[in-house]
Amino acid sequence: MTPVNILIVDDRPENIIALEALLKRDDVRLFTTTSPNEALKLAWENQIAIALIDVQMPEMDGFELAEMLKSNPRTRNILVIFVTAISKEAKYVVKGLGAGAVDYLYKPLDPYITAAKVDAFIQLARSTEEIKQKNEELQNYATVVKNSADIVCAIDAKTFRIKSINPSVEKILGYKPEEMLNTSIADRVIESDKPFFRRRLGEIVKDSLNFAVIEFQVETFNKTVIWAESRVSYRNGTLFMNISDVSPQKSYQQQLIKSKEASDIARKAKESFLANMSHELRTPINGILGITNLLRKTEVDEQQMSLLNLLEVSSQSLLGVVNDVLDISKIEAGKFSIVRAPANLHEILKSVYGLLKFKADEQNIEFMLEVAPDVPVNIMVDSLRLNQVLMNLLSNAIKFTKKGYVKLSVKVLERKSEDVKLEFCVSDSGIGIAKDNLDRIFDSFEQAKDDTTLKYGGTGLGLAIVKKLTELKGGELLVSSEVDKGSEFRFINWYTIAAKPVEKTVSRPSEKLLPFNNISVLVAEDNTVNQFMISKLLKDWNAVVDIVDNGRKVLTKLQENDYDIILMDTHMPEMDGYEAARSIRIDFAEPKRSIPIISLSAATLDHEQQEAIAAGMNDVLSKPFQPYQLHEKISRLVKNKSLKKPV
Ligand code: ADP
């Protein structure tokens with residue numbers, strides 16, 4: 001607690017000593033003097049709260065001194081108590097009070113009365129000081145409120161009438177503060193917002209909330225409408241509102257909503273473009289690959305066979321590019337999902353190694369596979385995608401290495417009960433990548449150098465896909481490289497150790513697929529090349545084939561004839577495969593209603609495949625497919641017609 005300063009003025013030192021003895025305490029600081037002039041100086045220099053002044057002094061009497069203190073603004077508020085021995089006659093008392101004194105102490109001093117009186121005045125001095133401080137604070141707040149850019153107002157909680165409001169109202173609403181006083185704040189709110197506004201203020205009052213935010217629209221003096229956001233608090237029958245004009249933010253927000261809607265439309269357009277492109281591109285490639293296959297089975301000489309091989313390689317690489325473009329777009333549209341299932345990791349690694357070994361041999365480079373002994377055999381992994389990542393990294397390593405080696409190594413970095421953190425590392429002694437280009441190579445369609453396509457081919461999509469695939473399940477892909485020394489790509493992720501995976505029942509492509517026992521197949525396919533190819537395949541397998549080119553014709557044909565199975569393209573003119581399948585499952589009578597249907601579509605998007613199943617189709621085979629895959633699916637679905645023994 002800051003001490004209260006008390007000044008004692010008496011021409012006799014012994015009186016000063018006596019008073020000092022009476023008043024000495026921790027919360028008081030005493031200033032003493034025998035000279036009234038010195039007293040004026042002390043009062044001027046120190047924040048004196050109380051002055052005990054002797055009335056009779058030779059230099060200047062107490063009344064004069066008090067008057068001088070009162071005449072100076074700096075000392076005006078000092079509480080003056082006269083200490084006097086002279087008569088208690090009324091005229092002196094009046095004179096003293098007239099000079100600004102608040103009380104008298106009479107000599108000889110009674111210690112109890114003196115202490116009690118001075119105590120009361122100390123309390124008074126303290127309260128006065130507090131009031132002064134509070135006043136200052138209030139004045140500061142008043143300045144802040146007056147200069148605030150927001151409207152600040154106090155509202156009667158019952159009538160919503162404005163009790164006080166700051167000048168900002170003129171800038172924001174165009175009304176002068178005095179025009180607003182005593183009017184209802186609700187009158188300024190636009191008609192459609194009024195019920196909500198009143199209800200909300202009512203709730204704030206009812207719940208005595210000391211903080212709430214409401215948003216409403218207000219009509220200005222010029223009849224324009226602005227958006228207002230108000231922070232409201234309620235206390236003692238008054239609502240305090242701080243109202244900001246948030247129209248600029250609102251219009252920005254609305255713009256954002258509009259552009260979000262526009263981008264949603266664009267995203268949907270991109271997705272449907274993707275679905276269509278998937279179909280349109282994969283369908284003809286399917287035709288080319290299928291026909292190449294069929295041609296192989298005819299009599300061809302050696303030169304023709306090598307041309308067919310080239311045709312197949314080119315088609316496969318075209319299919320690879322199409323698949324890459326689709327993959328990257330699917331990932332970017334958030335439509336790509338990684339599905340982990342138990343798989344034999346060592347088998348995957350060996351098969352990738354086996355597939356690429358011949359390429360490395362062709363280039364005379366050493367190709368090594370190193371799997372640390374503690375790497376678990378079976379883990380939960382999306383084997384298709386792991387394959388894709390490894391094939392991409394290893395193909396790049398082989399492609400960009402002219403001599404030396406390419407190595408795939410796998411090791412365990414960490415282990416936590418059933419989980420292992422694995423590191424897959426693909427390193428090579430190839431051309432390497434310059435530091436400046438290291439970031440760029442992970443962007444779609446980017447290559448380390450501008451002449452890469454010319455020298456090595458490629459689209460610049462592989463690493464973009466690899467990076468996104470490795471990161472989809474929380475993994476990371478790291479690269480380090482040195483020009484002319486080699487590169488090292490590592491990807492690290494957690495995997496759960498799995499039980500032995502269930503052996504797949506899919507029959508492996510055998511040299512000879514057994515013919516069917518005269519089953520009849522209805523094929524719905526609008527692409528003539530594919531029509532020819534599928535019909536040729538089926539006829540080779542001893543099936544009777546009917547072909548139509550849209551869903552409506554499927555329904556007509558099925559009404560007229562009996563079939564064992566339908567192979568249904570999904571995207572067809574007039575009526576698509578989904579609708580035709582739905583109609584069969586609902587409008588036909590048994591047994592036709594349950595006829596097996598395989599969706600044979602170039603669609604690769606998961607949701608399209610799900611849609612085929614939802615439409616009632618039994619299975620899905622995406623084009624291009626291998627003949628044995630179609631054979632296996634037909635055999636499984638058409639059980640009552642047994643396969644013929646090989647001839
Ligand atoms: P692509 O191989 O189809 O060009 P990628 O996205 O797979 O596309 O690779 C991007 C670029 O990164 C390549 O063009 C090449 O410049 C560089 N790159 C990738 N892997 C290696 C590697 N092992 N050694 C040297 N450069 C590489």
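The legends below describe an overview and several close-up views of one predicted chain.

The model is predicted, so local features require pLDDT of at least 70 and side-chain atom pairs count only at pLDDT 80 or more, whereas totals for chains, interfaces and linings use all residues. Residues are numbered from 1 along each chain as its sequence is written, and side-chain values use heavy atoms, with hydrogens and water left out.

**Figure 1. Overview of the chain and its dimensions.** The secondary structure comprises 19 helices and 22 strands; helices (H or I, at least four residues) and strands (E, at least two) are DSSP runs numbered from the N terminus. The radius of gyration is 47 Å, well over the 26 Å that the globule rule gives for 647 residues, so the chain is more spread out than a compact globule. The radius is taken over C-alpha atoms, and the globule rule is 2.2 Å times the number of residues to the power 0.38. Along its principal axes the C-alpha trace spans about 150 × 65 × 45 Å. Of the 647 residues, 43% are buried (under 20% relative accessible area; exposed is over 50%, and partly exposed lies in between, with a 1.4 Å probe and protein chains only). Among contacts (heavy atoms within 4.5 Å) with a separation of 6 or more, 62% are between residues 24 or more positions apart.

**Figure 2. Close-up of helix 12, residues 383–399.** At 1.5 Å a residue, the 17 residues of this helix should span 24 Å, and the end C-alpha atoms are 23 Å apart, which agrees. The expected span is 1.5 Å times one less than the number of residues. Buried residues of helix 12 include Leu386, Val389, Leu390, Leu393 and Ala397. An α-helix has 3.6 residues a turn, so residues three or four places apart point the same way.

**Figure 3. Close-up of Leu538 in helix 15, residues 528–540.** Leu538 has 0% relative accessibility and counts as buried. Leaving aside neighbours within four places in sequence, Leu538 is in contact with Val521, Val523, Ala543, Val545, Leu567 and Ile634. Phe211 is 327 residues from Leu538 in sequence and 76 Å from it in space, C-alpha to C-alpha.

**Figure 4. Close-up of Met68 in helix 3, residues 62–71.** Met68 is partly exposed, with a relative accessible area of 39%. Beyond neighbours within four places in sequence, the contacts of Met68 are with Leu40, Met60 and Thr75. Met68 and Ala372 are separated by 304 residues in sequence and by 100 Å in space, C-alpha to C-alpha.

**Figure 5. Close-up of Ser168 in helix 6, residues 168–173.** Ser168 counts as buried at 8% relative accessibility. With neighbours within four places in sequence left aside, Ser168 is in contact with Ser148, Ala149, Asp150 and Ile151.

**Figure 6. Close-up of two cis peptide bonds, Lys107 to Pro108 and Glu590 to Pro591.** Omega is about -5 degrees for the bond between Lys107 and Pro108. Pro108 occupies the loop between strand 5 (101–106) and helix 5 (111–147). For the bond between Glu590 and Pro591, omega is about 5 degrees. Pro591 is in the loop between helix 17 (577–587) and strand 21 (597–601).

**Figure 7. Close-up of positive phi values at Phe160 and Glu574.** Phi of Phe160, a residue other than glycine, is near 65 degrees. Phe160 lies in the loop between strand 6 (151–156) and strand 7 (162–165), and counts as buried at 8% relative accessibility. Glu574, also not a glycine, has a phi of about 70 degrees. The loop between strand 20 (565–568) and helix 17 holds Glu574, which is exposed with a relative accessible area of 62%.
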